[in-house]
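Biologist: I'm just starting out with protein models, and I'd like a close look at one salt bridge. Please pick one, tell me where its two partners sit, and then walk me outward to the rest of the chain.

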Amino acid sequence: MPRIYKRRGSTIKAKIALEAIKEKKAVQELCSEYSVSASQIFAWKKKLEEECDKIFEDEKSKDHQGEIDRLHRVIGQITAERDFLEHVLKR
């Protein structure tokens, strides 16, 4: 009989990985509590440790990206107005 695996959402994966990082419970305790293999917990823990810095980078870049887009629109508008006026004044 084939083994049926449970799909877990990102929230529960993060919760399990954080508990593994805190090391308040042994990995085997987490395995029995959440019905997850130890290798899976170690994989989630490793991924969380490697990618946790991206959480704060994205926040900063999103804030600045909106401002950059707005400034590009303003520059485009000013350039178009300048070109129009230059063309009109040369007549």
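Modeller: Let's start with Glu23, which forms a salt bridge (a side-chain nitrogen of Lys or Arg within 4 Å of a carboxyl oxygen of Asp or Glu) with Lys45, their closest N and O atoms being 3.9 Å apart. This pair ties together distant parts of the chain: Glu23 comes from the loop between helix 1 (10-22) and helix 2 (27-34), Lys45 comes from helix 3, and the two are 22 residues apart. When I say helix, I mean a DSSP run of H or I with at least four residues, while a strand is a run of E with at least two, both numbered from the N terminus.

Before going on, a word about the ground rules. This is a predicted model, with residues numbered from 1 along each chain as its sequence is written. Local features need pLDDT of at least 70 and side-chain atom pairs count only at pLDDT 80 or more, whereas totals for chains, interfaces and linings use all residues, and side-chain values use heavy atoms, leaving out hydrogens and water.

Now, are the two partners buried or exposed? Buried means under 20% relative accessible area, exposed means over 50%, and partly exposed is in between, using a 1.4 Å probe and protein chains only. Glu23 counts as exposed because its relative accessibility is 59%. Lys45 is buried, because its relative accessible area is just 16%. There you have one salt bridge with an exposed end at Glu23 and a buried end at Lys45.

Glu23 has another quirk, this time in its backbone. Most residues other than glycine have a negative phi. Glu23 is not a glycine, yet its phi is positive, about 60°. Another residue to look at here is Ser35, also not a glycine, with a positive phi of about 55°. Ser35 belongs to the loop between helix 2 and helix 3.

What about other salt bridges? The count by this rule comes to 5, and I'll show you two more. Arg70 pairs with Glu67, with closest N and O atoms 2.8 Å apart. Both lie in helix 4, 3 residues apart, which is about one turn of the helix. Arg70 is partly exposed because its relative accessibility is 36%, and Glu67 is partly exposed too, with 38%. Then the side chains of Arg82 and Asp83 meet in a salt bridge at 3.0 Å, N to O. Arg82 is partly exposed at 49%, and Asp83 is partly exposed at 37%.

Back to helix 3, the home of Lys45. Helix 3 (38-51) and helix 4 (53-89) each supply at least two residues of a negative surface patch, which is made up of Glu49, Glu50, Glu51, Asp53 and Glu57. A patch collects residues with over 30% relative accessible area and no salt bridge, joining like charges within 9 Å and nonpolar side chains (Val, Leu, Ile, Met, Phe, Trp, Tyr) within 5 Å. Lys and Arg count as positive and Asp and Glu as negative, while His and the chain ends are not counted. Each charge is placed at NZ of Lys, CZ of Arg, CG of Asp or CD of Glu. Helix 3 gives the most to the negative patch, with 3 residues. Glu49 sits in helix 3 and is partly exposed, with a relative accessible area of 44%.

Helix 4 has something else to show. Phe84, Leu85, Val88 and Leu89 form a nonpolar surface patch with about 440 Å² of accessible area together; such areas come from the Shrake-Rupley method with a 1.4 Å probe, and for residues only the protein chains shown count as cover. Phe84 is in helix 4 and is exposed, at 55%.

Finally, zoom out. The chain has 4 helices and 0 strands, running α-α-α-α from the N terminus. Its C-alpha trace spans about 85 × 35 × 15 Å along its principal axes. The radius of gyration is 26 Å, while a compact globule of 91 residues would have one near 12 Å; the radius is taken over C-alpha atoms, and the globule rule is 2.2 Å times the number of residues to the power 0.38. Buried residues make up 13% of the 91 residues, and Lys45 from our opening pair is a buried one.
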